[in-house]
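Here are my notes on the model you sent. They are in numbered points, to be read with the structure open.

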Amino acid sequence: MPDAASATSPTLGFARAGGTPSRAVIGDSEFDGEFVSEFDRDTAVTRREPGVYDVDLSAGWTVFDAVNGGYLLAILGRALADALPHPDPFTITAHYLSASRPGPAVVRTETVRTGRTLSTGQASLLQYDAEGREVERIRVLASYGDLAGLPDDVRTTAMPPAIPPMDRCFGPQDSASDVRLPSSGTPVGGGSAIADRLMIKLDPATLGWALGAPSGKGEMRAWFGLADGRDADPLSLLLAVDALPPTAFEIGVKGWVPTVELTVHVRHRPAPGPLRVSITTRNLAGGFLEEDAEVWDSEDRLVAQSRQLARVRLG
């Protein structure tokens with residue numbers, strides 16, 4: 001186990017959220033008398049020495065017993081933002097090597113190359129086994145730049161996903177006394193700590209799995225945000241691409257779908273307001289499937305894209 005970081009070690013990640021949080025959630029915290037988002041607090045990294053960061057993986061971002069992969073990627077992304085000379089992830093690829101668990105971890109980074117507009121680095125997140133030996137959980141390769149310096153020219157055929165208004169969509173917090181799913185009266189199931197930290201309102205057209213009648217289309221669409229009201233930024237986009245229920249549910253697969261590899265492209269700094277996330281799967285074969293995600297902001301800009309390979313536990 002590593003020694004505790006000294007009191008003078010810089011802790012990175014305590015960005016202040018604007019305004020008052022929209023709802024109280026367990027673990028609300030303050031810094032110098034101001035509200036701090038749970039996302040910033042729980043993805044904070046403490047620099048032990050150049051390129052080495054201590055972190056505590058919070059149990060608040062678990063799906064049953066597994067720490068969410070997008071949350072873990074945001075932690076690694078924050079460490080790389082400190083280690084590299086550029087502030088924003090442009091592309092980041094993670095290979096998930098072993099299951100992470102809540103508790104202490106260390107992130108080790110290495111600068112691969114620095115240039116005028118892009119810098120490239122790699123990072124590993126490690127935890128400790130019963131004998132105190134380091135076990136690598138995730139390895140990342142990423143290129144960083146400055147999103148604020150990109151030109152405004154956009155030429156695209158991409159279109160925002162068609163999602164009903166938020167008050168016609170459904171989320172994990174909806175209950176029998178609140179909003180019911182159509183025809184069945186069954187609220188969307190929760191059961192995971194991460195659900196309390198997210199604002200997710202799922203498109204009813206992608207909720208067949210929750211009604212026992214999956215569509216077979218492999219689609220998931222939702223409004224997305226952080227439950228405490230913090231606006232999205234490039235690091236929270238790394239969470240957004242991996243926070244919805246698996247598209248495998250809509251093709252009739254039950255059980256969890258662990259990520260093997262995840263690549264995220266951050267295209268623009270998001271505007272304030274809720275995001276729209278659309279995820280699709282076209283091919284399940286050999287016990288693996290791909291998920292392609294798009295994230296759109298409140299100004300109809302495509303702000304992030306991703307593809308991941310995930311293992312499906314059939315039978």
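1. Start with the pair D40 and R230. Their side chains are joined by a polar contact of 2.8 Å. The model is a predicted one, and this distance is computed from it. D40 sits in helix α1, residues 38-42. With a relative accessible area of 1%, D40 is buried. D40 counts as buried because its 1% falls under the 20% cut-off.

2. Now the overall make-up. The protein has three helices and 18 strands. It runs to 315 residues, and 49% of them count as buried. Take the contacts with a separation of 6 or more: 70% of them are between residues 24 or more positions apart.

3. What is the size of the largest nonpolar core, and which residues have the most contacts inside it? It holds 59 residues, and F224 and L239 have the most contacts there. Helix α2 gives the most to this core, with eight residues. A second core is separate and has six residues, among them A248, V257, A310 and V312. In soluble globular proteins, nonpolar side chains tend to be buried together.

4. F224 deserves a look of its own. Leaving out residues up to four places away in sequence, F224 touches three residues written in a row, L198, M199 and I200. On the same count, F224 also touches L239, A240, A243 and L244. P274, L275 and V277 complete the list for F224.

5. L237 lies in helix α3, residues 234-240. Is L237 buried or exposed? L237 is buried, at a relative accessible area of 0%. Beyond residues up to four places away in sequence, L237 touches V266, H268, P270, L275, V295, V303 and A304. Take L275 from that list. L237 and L275 are 38 residues apart in sequence, and their C-alpha atoms are 9.3 Å apart in space.

6. S100 is a loop residue, placed between β8 (88-96) and β9 (103-114). S100 is buried, with a relative accessible area of 9%. Setting aside neighbours within four places in sequence, the contacts of S100 include L57, V67, L72 and L125. Q127, R137 and I138 are in contact with S100 as well.

7. Next, the largest pocket. Its space comes to about 1100 Å³. It is lined by 43 residues, and V63, A66, N68, W256 and V257 are the closest to its centre. Which elements give two or more residues to this lining? They are β7 (66-67), α2 (69-83), β12 (198-202), β14 (259-266) and β18 (302-311). The largest share, three residues, comes from β12. By type, the lining divides into 28 nonpolar, 10 polar and five charged residues.

8. Two names recur here. V257 is among the residues closest to the centre of the largest pocket, and V257 also belongs to the second core. Helix α2 gives two or more residues to the pocket lining and gives the most to the largest nonpolar core.

9. Last, the second largest pocket. Its volume is about 570 Å³. Of the 20 residues that line it, D153, V154, R267, H268 and L302 lie nearest its centre. This lining divides into 10 nonpolar, three polar and seven charged residues. H268 is one to follow back: L237 touches H268 too.

Definitions and conventions:
Residues are numbered from 1 along each chain as its sequence is written. This is a predicted model: local features need pLDDT of at least 70, side-chain atom pairs count only at pLDDT 80 or more; totals for chains, interfaces and linings use all residues. Side-chain values use heavy atoms; hydrogens and water are left out. On a 1 Å grid over the protein atoms alone, a cavity is a set of points where a 1.4 Å probe fits but cannot get out, and a pocket is an open set with protein on both sides within 12 Å along at least five of seven lines; lining residues have an atom within 4 Å of a point. Grid points are joined across faces, edges and corners, and a volume is the space filled by probe spheres set on the points. Helices (H or I, at least four residues) and strands (E, at least two) are DSSP runs, numbered from the N terminus. Ala, Val, Leu, Ile, Met, Phe, Trp, Tyr, Cys and Pro count as nonpolar, Asp, Glu, Lys and Arg as charged, and the others, Gly among them, as polar. A nonpolar core is a set of buried Ala, Val, Leu, Ile, Met, Phe, Trp, Tyr and Cys residues joined through side-chain atoms within 4.5 Å. Buried means under 20% relative accessible area, exposed over 50%, partly exposed in between (1.4 Å probe, protein chains only). Contact means heavy atoms within 4.5 Å. A polar contact is a pair of N or O atoms within 3.5 Å; within protein, one must be able to donate a hydrogen and the other to accept it, and residues adjacent in sequence count only if both atoms are side-chain atoms.
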